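Here is a short tour of a protein chain, written for someone fairly new to reading structures. Keep the 3D view open and follow along as the residues are named.

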Amino acid sequence: MKLLIIASFLLAVFPATSTVAQNIEDNNIRIAGVFSLTGFGAVGGKAEVNGISLAVNEINAAGGIKGRKIELTIEDNGSDLKNTATALKRIIATKHPVVLLGPNWAEFSEIAAPIAESHKIVMITASGYKKNLVTGKKYVFTMLPPHKEAVRPLAEYVAGLNQKKIALLVSTNAFYRSLADGFKELMQRAGRPVWKEIELNPQDLDFRTLLIKLKSQHVDRIVVFLLEGAPTYTFLKQSKEVGMYDRLIFGPSLRYDQVVLKNPNIAEGLVTVDYFSFDESEAGELTEAAKNFAASYEKHFAIKPIYASAKAYDSVYMVKRAIEECGLTSDEIRRCLLNMRYK
């Protein structure tokens, strides 16, 4: 697949602008999280849990945090919103963690955030971002930059094409909705407003009528934020059949879409954009710390890390530093994170 634009970000922590603490007599420091380990979100959840596990193992092998080992508990939400809430409440009630890591992705993080806030437990998500995720919350943090910044290179590229009829297709999904909104805003500012926006039901796999209609309307380019899996593969196949393939510009899903990766010819020659790359050959030179992390990750898990793997890994070390410098209570950890500068 042809990769056109890469935008990489330094570590950014966005906090919301007590104190529930673990029993100080406990020997271990308890950290917990809820992630998608099965279902459609597993591609992200497993990568983040790998990063977290790697950091925990390193820290424990080096003596832990102030001589105390980290006790890590991870539960699977099955990529389900209701299960996210149930699993999180269960972990809080039974494990009494000092910090909650995750969940992965916006739709699960927005379920978890008010629960963490109500229990006054610091929550750090590596890949969850929505405009109001942390608004009004003291204990919720995200490591992900605002989506408007993520899609800026895409908007600059599309605006630079100087074409009038830009159609925007977006799946009904919190993450892609946020990306699409950021893209539209930037295109408007560039004087190239989106000509038409169409929201797609992720369950609908028949795109022919839509594609034929867009073809008859002489659309210049179609920017696609489509949910990974069957919808993406089917959309690509049908776009080829109706002669609209060469007008597509795809969002990030192609880079980790397991169906497409198993059938790469379906995306041959397609322009796609990856906002969060951790591949040195594409993103440019990595720092020495990033190289070391990537090498260790690949050694342990026999796969390359993704951007969120690194964010999740760093979140554990930030928690370690916060506890060492400020203390073990929620308010002490929160205060340290608010004032922390961490590259």
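Let's begin with a pair of strands: S8 (residues 166-171) and S10 are parallel and joined by five bridges. One of these pairings is easy to look up, since Ile166 has Arg221 in S10 as its bridge partner. Bear in mind as you look around that this is a predicted model.

**Around strand S10**

S10 has another partner too: three bridges connect S10 to strand S11 (residues 248-250), and these two strands also run parallel. Here you can pick out Val224, whose bridge partner in S11 is Phe250. How do you get from S10 to S11? Together with helix H8 (residues 230-241), S10 and S11 make up a right-handed β-α-β unit.

Is S10 enclosed or not? Strand S10 covers residues 221-225, and four of its five residues are buried, so the rest of the structure largely encloses it.

**The whole chain**

Now zoom out for a moment. The chain has 13 helices and 12 strands. It is 343 residues long, and 54% of them count as buried. Its accessible surface is about 15,000 Å², and carbon and sulfur atoms account for 50% of that.

**The nonpolar cores**

Which residues have the most contacts inside the largest nonpolar core? They are Leu101 and Leu337, in a core of 36 residues. The elements that supply two or more residues to this core are strands S3 (29-35), S5 (99-101) and S6 (122-125), along with helices H1 (42-61), H11 (288-301), H12 (307-325) and H13 (330-338). H12 provides the largest share, with eight residues.

Try clicking on Leu101 and looking at what surrounds it. Setting aside neighbours within four places in sequence, Leu101 is in contact with ten or so names worth finding, including Ile31, Ala32, Gly33, Val34 and Phe35. Also among the contacts of Leu101 are Ile52, Ile124, Ser315, Val316 and Val319. Apart from this core there is another one, made of 24 residues, and Ala167, Phe250, Leu254 and Val260 are among them. You have met Phe250 already, as the bridge partner of Val224.

Helix H1 also holds Asn50. Is Asn50 buried or exposed? Its relative accessible area is 17%, so Asn50 falls under the 20% cut-off and is buried. Leaving out residues up to four places away in sequence, Asn50 touches Tyr297, Phe301 and Ile303.

**A disulfide**

How many disulfides are there? The count is one. Cys326 and Cys336 form it, with their sulfur atoms 2.1 Å apart. The torsion about their S-S bond is about 75 degrees, so this disulfide is right-handed. Cys326 sits in the loop between H12 and H13, while Cys336 is in helix H13, 10 residues apart. The two ends are not covered alike: Cys326 is partly exposed at 22% relative accessibility, whereas Cys336 is buried at 6%.

**Some loops to look at**

The loop between S5 and helix H3 (106-118) is where you'll find Pro103. The peptide bond from Gly102 to Pro103 is cis, with omega near -5 degrees. Trp105 is in the loop between S5 and H3 as well, and Trp105 has a positive phi even though it isn't a glycine. Asn162, in the loop between helix H5 (152-160) and S8, is another non-glycine with a positive phi. Here they are in a table:

| Residue | Phi | Relative accessibility |
|---|---|---|
| Trp105 | about 70 degrees | 15%, buried |
| Asn162 | about 55 degrees | 53%, exposed |

Why does Asn162 count as exposed? Its relative accessibility is 53%, and exposed means over 50%, so Asn162 makes the cut.

One last loop lies between S6 and strand S7 (140-142), and Val134 is found there. Val134 is buried, with a relative accessible area of 15%. What is the separation between the C-alpha atoms of Val134 and Ala113? They are 7.7 Å apart, although 21 residues separate Val134 and Ala113 along the chain.

Methods
Residues are numbered from 1 along each chain as its sequence is written. This is a predicted model: local features need pLDDT of at least 70, side-chain atom pairs count only at pLDDT 80 or more; totals for chains, interfaces and linings use all residues. Side-chain values use heavy atoms; hydrogens and water are left out. A nonpolar core is a set of buried Ala, Val, Leu, Ile, Met, Phe, Trp, Tyr and Cys residues joined through side-chain atoms within 4.5 Å. Buried means under 20% relative accessible area, exposed over 50%, partly exposed in between (1.4 Å probe, protein chains only). Contact means heavy atoms within 4.5 Å. A disulfide is a pair of cysteine sulfur atoms within 2.5 Å. Two strands pair if DSSP finds at least two bridges between them. A crossover is right-handed if, with the strands pointing away from the viewer, the path from the first strand over the helix to the second runs clockwise. Accessible areas come from the Shrake-Rupley method with a 1.4 Å probe; for residues, only the protein chains shown count as cover.
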